[in-house]
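Me: I have a protein model open and do not know how to read it. Can you take me through it step by step?

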Amino acid sequence: MKMTSFFAPTLRDDPSEAEVISHKLMLRGGYIRKLAAGIYSYLPLGWRVIKKIEEIIRKEMNEAGAQEVLLPAVQPAELWKQTGRWDVYGKELLRMKDRHERDFCLGPTHEEVITDLVRNNVSSYKDLPLMLYQIQTKFRDEIRPRFGLMRGREFIMKDCYSFDRDPEGLRISYEKMEAAYRRIFDSCGLRYRVVNADPGAIGGGFSQEFMVTAQTGEDEIVHCSHCSFAASKELSKIETDNSCPKCSEGVLKVERGIEVGHIFQLGQKYSSSMNAEFLDETGARRPYVMGCYGIGVGRTAAAAIEQNHDQNGIIWPMQIAPFHAALVPVNSSDPIQSDTAKVLYEELTALGLEVLWDDRDERAGVKFKDMDLLGLPVKIILGKTLSEGKVEVSVRSSGEKILMSPSEVKHFKPFDPYLRKRTV
RNA sequence: CGGGGAGUAGCUCAGCUUGGUAGAGCACCUGCUUUGGGAGCAGGGGGCCGCAGGUUCAAAUCCUGUCUCCCCGACCA
């Protein structure tokens, strides 16, 4: 993509409406724009990041045996009345009426809809287990939306639901999901902890949260300095600096985190109230044993920024960066630089690499500042070293700069996983 | 919803106390110079001062109402 034709309106000043770093940087970098409180447009850069995260999620969900569906965002009140949540959910549920004065709501979550779908179309134990997921825009009329994508009212969420015949089946489905979640956040290049949590309004029994660690996180996590023990602070009621209840070798420390995923063992909460049942081998009717598994996609992007940034801007992990590299000819009026840029751009792009070519007629400083703000993992700089036949490859996270010939750029290690493998 | 703060150009803000008909920096457009970390000079475009009403000869400025946005609390991916 050429910068001159790319829609990425960057700002020099922090917008006054933004308080947290991810919100500031996403606005400044031209990733998002606000339409109303807690409601944002994703600009090309922001949408690219969202799609990267979504693809990682899809891959792991599919491999875990879940199948992708897309459920309606607009849902009839009747379903919500069956589970009692029409009255319980409160003002967070955005309600509306159609032209016939029938009650509807904008889905904040989809337990009712998915349970309805499955009860109407699955009736035998032979069809279980079943795992279905979707990636969709949710709406929750939060009392106080804030921090940009961190807590929006409209937000993109991956929600997955498992249907099993018994608690043992649920345990297996849940463990598959937990493992898939670990792979997802690993693949996103994030550091995180898995903590035992309070199921809250969704209900059910056991639940765990996936917390991306960052000093700016809203939640406090107690974790062991020695083993993998971790719990949310309010739930654990454990004092810090005590010894670990699990391994007793480590000492408990507090850390801050951002909740990006939450997985629940729901049990029969929804299937019972909605009469969602299957027939077992004996012909007996039994309610499904359910689990549900959510990931905040936009929040994951925001959390990645909270965890990975510096004074100059975002530092994306390569896996979810909107582009793998920035191509920066320092002086755009230098024909050697622009010719080399064109050749390199075409070569790298043909190999499958996503390159943002800063072909603007700007001074070097402007381009460097902008590319650092955007947080692209690698800058390929064509400048004074070009007279010696070298380009400079600069790593955003470490500041490391490596001189190499233009033809060597495609062999730069960090690009490896993203190169289209050619059949020989 | 309770408490606090703010709405003036695309962004950051000044002007408001003491009413006299709107400014700066950045961004944008044109020209010239410049080209390795947010350049310089010259010229230019852009704002019914959130909205409605009131006071006044006169309102960005004073008064009333209203909407929106942000921060702290309860909620959550």
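Reply: We will go from the domains to their interface, then to one helix and a few backbone details. Keep in mind that this is a predicted model.

Me: Where does each domain of chain A begin and end?

Reply: Domain 1 covers 13–310, and domain 2 covers 323–418. Their C-alpha centres lie 38 Å apart.

Me: How do I put a size on the interface of the two domains?

Reply: The size of an interface is often given as the accessible area lost when the parts come together. Here domain 1 and domain 2 bury about 680 Å² between them. Of that area, 52% is on carbon and sulfur atoms. In terms of residues, 8 from domain 1 are in contact with 6 from domain 2.

Me: Which three residues supply 50% of the area that domain 1 buries against domain 2?

Reply: They are Leu 45, Arg 48 and Lys 52. No other three residues supply more.

Me: How many salt bridges cross this interface?

Reply: The rule finds 2 salt bridges between domain 1 and domain 2. Look too at Arg 396 and Asp 310, which form a salt bridge. Their closest N and O atoms are 2.9 Å apart. For polar contacts across the interface, the rule finds 3 residue pairs, with both residues at pLDDT 80 or more.

Me: Which elements give two or more residues to the side of domain 1 that touches domain 2?

Reply: Those elements are α1 (21–28) and α2 (44–63). The largest share, 3 residues, comes from α2. By type, this side of domain 1 has 3 nonpolar, 1 polar and 4 charged residues.

Me: Now α1 itself. Why is α1 said to be largely enclosed by the rest of the structure?

Reply: Count its buried residues. A residue is buried when its relative accessible area is under 20%. In α1, 6 of the 8 residues are buried, so α1 is largely enclosed by the rest of the structure. The buried ones are Ser 22, His 23, Leu 25, Met 26, Leu 27 and Arg 28.

Me: What do the buried residues of α1 pack against?

Reply: Their partners include β1, β2 (39–42) and α9 (297–307). β17 (309–310), β18 (313–314) and α11 (364–374) are also among them.

Me: What comes after α1?

Reply: Gly 30 follows α1, with a positive phi near 75°. Gly 30 is in the loop between α1 and β1 (32–36). Is Gly 30 buried or exposed? It counts as buried, because its relative accessibility is 0%. Beyond its neighbours within four places in sequence, Gly 30 is in contact with Ala 8, Pro 9, Leu 43 and Leu 45. Recall that Leu 45 also appeared at the domain interface. The C-alpha atoms of Gly 30 and Thr 10 are 4.9 Å apart, although 20 residues separate them along the chain.

Me: Which residues other than glycine have a positive phi?

Reply: Take two cases. Phe 147 has a phi of about 60°, and Phe 147 lies in the loop between β7 and β8 (154–164). Phe 147 counts as partly exposed because its relative accessibility is 21%. Asn 275 has a phi near 50°. Asn 275 sits in the loop between α8 (269–273) and β14 (277–279). At 55% relative accessibility, Asn 275 counts as exposed.

Me: And which peptide bond is cis?

Reply: Look at the bond from Leu 128 to Pro 129, where omega is near 0°. Pro 129 is in the loop between α5 (111–121) and β7 (130–139).

Definitions and conventions:
Residues numbered from 1 in each chain as written. Chains lettered and ligands numbered in written order. Predicted model: local features only at pLDDT ≥ 70, side-chain atom pairs only at ≥ 80, totals over all residues. Heavy atoms only, no water. Domains from an automatic or database assignment. Contact = heavy atoms within 4.5 Å. Buried area = accessible area lost by both parts, 1.4 Å probe. Salt bridge = Lys/Arg side-chain N within 4 Å of Asp/Glu carboxyl O. Polar contact = N/O pair within 3.5 Å; in protein donor to acceptor, adjacent residues only side chain to side chain. Helix = DSSP H or I, 4+ residues; strand = E, 2+ residues; numbered from the N terminus. Nonpolar A, V, L, I, M, F, W, Y, C, P; charged D, E, K, R; others polar. Buried < 20%, exposed > 50% of the residue type's maximum accessible area, 1.4 Å probe, protein only.
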